[in-house]
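Trainee: I would be grateful for a close look at the sheet of this model. Please describe how its strands are arranged and what packs against them.

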Amino acid sequence: MSKSKTSLAIVFALGLIAPLAALAQDITAWRSPSCGCCHLWAKRLEDAGMKVTMIDTRDVSKIKKEHGITPELASCHTAIVEGYTIEGHVPASEIKRLLAERPDAIGLSVPGMPTGSPGMEHGAAESYNVLLLKRDGSTEVFAHYP
């Protein structure tokens, strides 16, 4: 293949891949209209190159139940990215890792609202786990902070 055809093929391939990469970072999140930290978490994800669409709902528990989140795994907001559920203040780096590794799982959760997690950066940071939510209902530690 000639040099110009190779260059054209690369440009064409990148043109197809770039929109797919952008879509891979689109996240839809549901939150209670009275919760303020959810927007702070979304800002952290946007700073990491993701696009977050927030939807206010009066019944976040219904969304959680529909996406496999039990009360002990719950936090203040529930999100979906590429078929995975993201519950609570999960760091952008762990969402990116989830999308890169693609485990057979429901998604990730940071139960509760630990101080120091993305969007909850006030006061002394607590240590917390990011849990991988398995399809059989069990969990395992996906990451530990700090």
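Mentor: In this predicted model, seven strands make up an open sheet with mixed pairing, and their order across the sheet is 2-1-3-4-5-6-7. Its edges are strand 2 (51-56) and strand 7 (139-145), each of which pairs on one side only. On average, neighbouring strands of the sheet are turned by 20° against each other, direction ignored.

Strands of a sheet pair through backbone hydrogen bonds, in either a parallel or an antiparallel manner. One antiparallel pair joins strand 5 (residues 105-110) to strand 6 (residues 128-134) over four bridges. Within this pairing, Gly-107 of the one strand is placed opposite Leu-133 in strand 6.

Two helices may now be set against this sheet. Helix 4 (residues 92-101) packs on the sheet and touches strand 1, strand 3, strand 4, strand 5, strand 6 and strand 7; the direction of helix 4 makes about 135° with that of strand 7. Helix 2 (residues 37-47) lies across strand 1 (26-31), strand 2, strand 3 (77-81) and strand 4 (84-88). Relative to strand 2, helix 2 runs at about 165°.

As for the setting of the sheet in the chain, the secondary structure comprises four helices and seven strands, which follow one another along the sequence as α-β-α-β-α-β-β-α-β-β-β. Among contacts with a separation of 6 or more, 51% link residues 24 or more positions apart. Of the chain's 146 residues, 41% count as buried. The chain exposes about 7,900 Å², and 60% of this area is supplied by carbon and sulfur atoms.

Notes: Residues are numbered from 1 along each chain as its sequence is written. This is a predicted model: local features need pLDDT of at least 70, side-chain atom pairs count only at pLDDT 80 or more; totals for chains, interfaces and linings use all residues. Side-chain values use heavy atoms; hydrogens and water are left out. Two strands pair if DSSP finds at least two bridges between them. Axes are lines fitted to C-alpha atoms, for helices over the stretch in contact, and angles run from 0 to 180 degrees between N-to-C directions. Contact means heavy atoms within 4.5 Å. Buried means under 20% relative accessible area, exposed over 50%, partly exposed in between (1.4 Å probe, protein chains only). Accessible areas come from the Shrake-Rupley method with a 1.4 Å probe; for residues, only the protein chains shown count as cover.
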